[in-house]
Amino acid sequence: MLGPDNEIDHEGRLAPYRQLAEILKARIARGDWQPGRPMASESQLMQQYGLARSTVRKSVALLVQEGIVEVEPRRGTYIAD
């Protein structure tokens, strides 16, 4: 499992979107973002991790599917309660 301070390993066996999802889960568990509060924007995550928007969106979609975050159109991505 990837920790909250890991970087994306583009040569790793795990796809970058899955790596980012694991990193974001670890950051949420650590308390970087509180339930009901917004997490970093797509643009911020793209810049911080050096990933394409489509990769970030795929990671967020995975977290939505797992019930960890909720996306509110035009408002952002929020940590689920």
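This passage describes helix α1, its surroundings, the salt bridges and some loop residues of a predicted model. Local features were taken only where pLDDT is at least 70 and side-chain atom pairs only at pLDDT 80 or more, whereas totals for chains, interfaces and linings use all residues. Residues are numbered from 1 along each chain as its sequence is written, and side-chain values use heavy atoms, with hydrogens and water left out.

Helices (H or I, at least four residues) and strands (E, at least two) are DSSP runs, numbered from the N terminus. Helix α1 comprises the 15 residues 16–30, and its end C-alpha atoms are 21 Å apart, in agreement with the span of 21 Å expected at 1.5 Å a residue, where the expected span is 1.5 Å times one less than the number of residues. Residues are called buried under 20% relative accessible area, exposed over 50% and partly exposed in between (1.4 Å probe, protein chains only). In α1, the buried residues are Y17, Q19, L20, A21, I23, L24, A26, R27 and I28; the elements that cover the buried residues of α1, through contacts (heavy atoms within 4.5 Å), include α2 (42–49), α3 (53–65), β1 and β2. Just after α1, G31 takes a positive phi of about 100°.

Helix α3 contains S59, which is buried with a relative accessible area of 0%. When residues up to four places away in sequence are not counted, S59 touches Y17, L20 and A21. The ring of Y17 also has a charge placed over its face, since K58 lies at 4.4 Å from the ring centre; the criterion requires NZ of Lys or CZ of Arg within 6 Å of the ring centre and within 35 degrees of the ring normal.

On the other side of the comparison stands E7, in the segment before α1, which is exposed with a relative accessible area of 67%. With residues up to four places away in sequence again left out, E7 touches Q19 and I23, while the C-alpha atoms of E7 and V60, 53 residues apart along the chain, are separated by 17 Å.

Side chains of opposite charge can pair when their charged atoms come close. A search of the whole structure finds eight salt bridges, each defined as a side-chain nitrogen of Lys or Arg within 4 Å of a carboxyl oxygen of Asp or Glu. K25 pairs with E22 at 3.1 Å, N to O, and these two residues, being three residues apart in helix α1, are separated by about one helical turn. K25 also forms a salt bridge with E66, with the closest N and O atoms 3.0 Å apart; this pair links distant parts of the chain, as K25 is in helix α1 and E66 in the loop between α3 and β1, 41 residues apart. E66 is partly exposed, with a relative accessible area of 41%.

A further salt bridge joins the side chains of R57 and E42 (3.0 Å, N to O), and because R57 lies in helix α3 and E42 in helix α2, the pair ties together parts that are 15 residues apart in sequence. Both are partly exposed, R57 at 47% relative accessibility and E42 at 25%. In addition, D5, R27, R30 and D32 are joined into one network by salt bridges that share partners.

R74 lies in the loop between β1 (69–72) and β2 (76–79), where this residue has a positive phi of about 65° although it is not a glycine. At 88% relative accessibility, R74 counts as exposed.
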